[in-house]
Amino acid sequence: ARVGGGRDPSWLWDVPFERLAGRWVVATGERCLDLGVRLRYAGVSHVTEPDPVAAIAMAARREGAGGATVEYIGNYTAFFDVLEHR
């Protein structure tokens with residue numbers, strides 16, 4: 001939702017989120033509710049967590065200590081927040 005990443009959420013409708021069906025998904029960030037609406041239309045079960053760092057931690061806990069990979073998909077500006085906490 002920042003200038004570098006774009007303030008217009010219409011791009012959400014160009015992404016084939018239907019491909020995430022059957023996976024555990026956390027919608028996060030400043031636009032997590034907008035993303036949640038798009039995921040609902042795509043038929044993707046999800047939870048929302050506004051804080052990206054907390055969302056990654058939530059996903060890691062869910063995957064357990066077995067070394068599973070957590071995949072983070074974000075726009076340009078979202079990665080800056082996450083990189084600050086690595």
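Me: I'm looking at the loop of contacts around Arg 38. How far is the backbone oxygen of Leu 12 from a polar atom of the side chain of Arg 38?

Reply: The distance is 2.9 Å, from the backbone oxygen of Leu 12 to a polar atom of the Arg 38 side chain. Keep in mind that this is a predicted model.

Me: Is Arg 38 buried or exposed?

Reply: To read that, look at the relative accessible area: under 20% counts as buried. Arg 38 has 4%, so it is buried. Leaving aside neighbours within four places in sequence, Arg 38 is in contact with Leu 12, Trp 13, Val 15, Phe 17 and Glu 18.

Me: Where does Arg 38 sit in the fold, I mean in which helix?

Reply: Arg 38 is found in helix H1, which covers residues 32–42. Just after H1 you'll meet Gly 43, with a positive phi near 75°.

Me: Okay, helices have sides. Which residues of H1 are buried?

Reply: They are Cys 32, Leu 35, Gly 36, Arg 38, Leu 39 and Ala 42. Now check how they spread around the axis: their arc is only 165°, so they are on the same side of H1.

Me: And which exposed residues are on the face turned away from that side?

Reply: That face carries Leu 33, Arg 40 and Tyr 41.

Me: What covers the buried residues of H1?

Reply: The cover includes two strands, E1 (25–28) and E2 (46–49). Take Ala 27 as an example. Setting aside neighbours within four places in sequence, its contacts include Cys 32, Leu 35, Gly 36 and Leu 39, and also His 46, Val 47, Thr 48 and Glu 49.

Me: Next, the nonpolar core. How many residues make up the largest one?

Reply: It has 10 residues: Leu 12, Phe 17, Leu 20, Val 25, Ala 27, Cys 32, Leu 35, Leu 39, Ala 42 and Val 44. To read a core, ask which elements feed it. Here E1 and H1 are the elements that give two or more residues, and the largest share, 4 residues, comes from H1.

Me: Last one: how far apart are Ala 60 and Val 70, in sequence and in space?

Reply: Compare the two kinds of distance. Ala 60 and Val 70 are 10 residues apart in sequence, and 6.3 Å apart in space, C-alpha to C-alpha. Ala 60 lies in helix H2, residues 52–63.

Me: Why is Ala 60 called partly exposed?

Reply: Partly exposed is the range between under 20% and over 50%. Ala 60 has a relative accessible area of 34%, so it is partly exposed.

Methods
Residues numbered from 1 in each chain as written. Predicted model: local features only at pLDDT ≥ 70, side-chain atom pairs only at ≥ 80, totals over all residues. Heavy atoms only, no water. Buried < 20%, exposed > 50% of the residue type's maximum accessible area, 1.4 Å probe, protein only. Polar contact = N/O pair within 3.5 Å; in protein donor to acceptor, adjacent residues only side chain to side chain. Contact = heavy atoms within 4.5 Å. Arc of directions from axis to C-beta. Core = buried A, V, L, I, M, F, W, Y, C linked by side-chain atoms within 4.5 Å.
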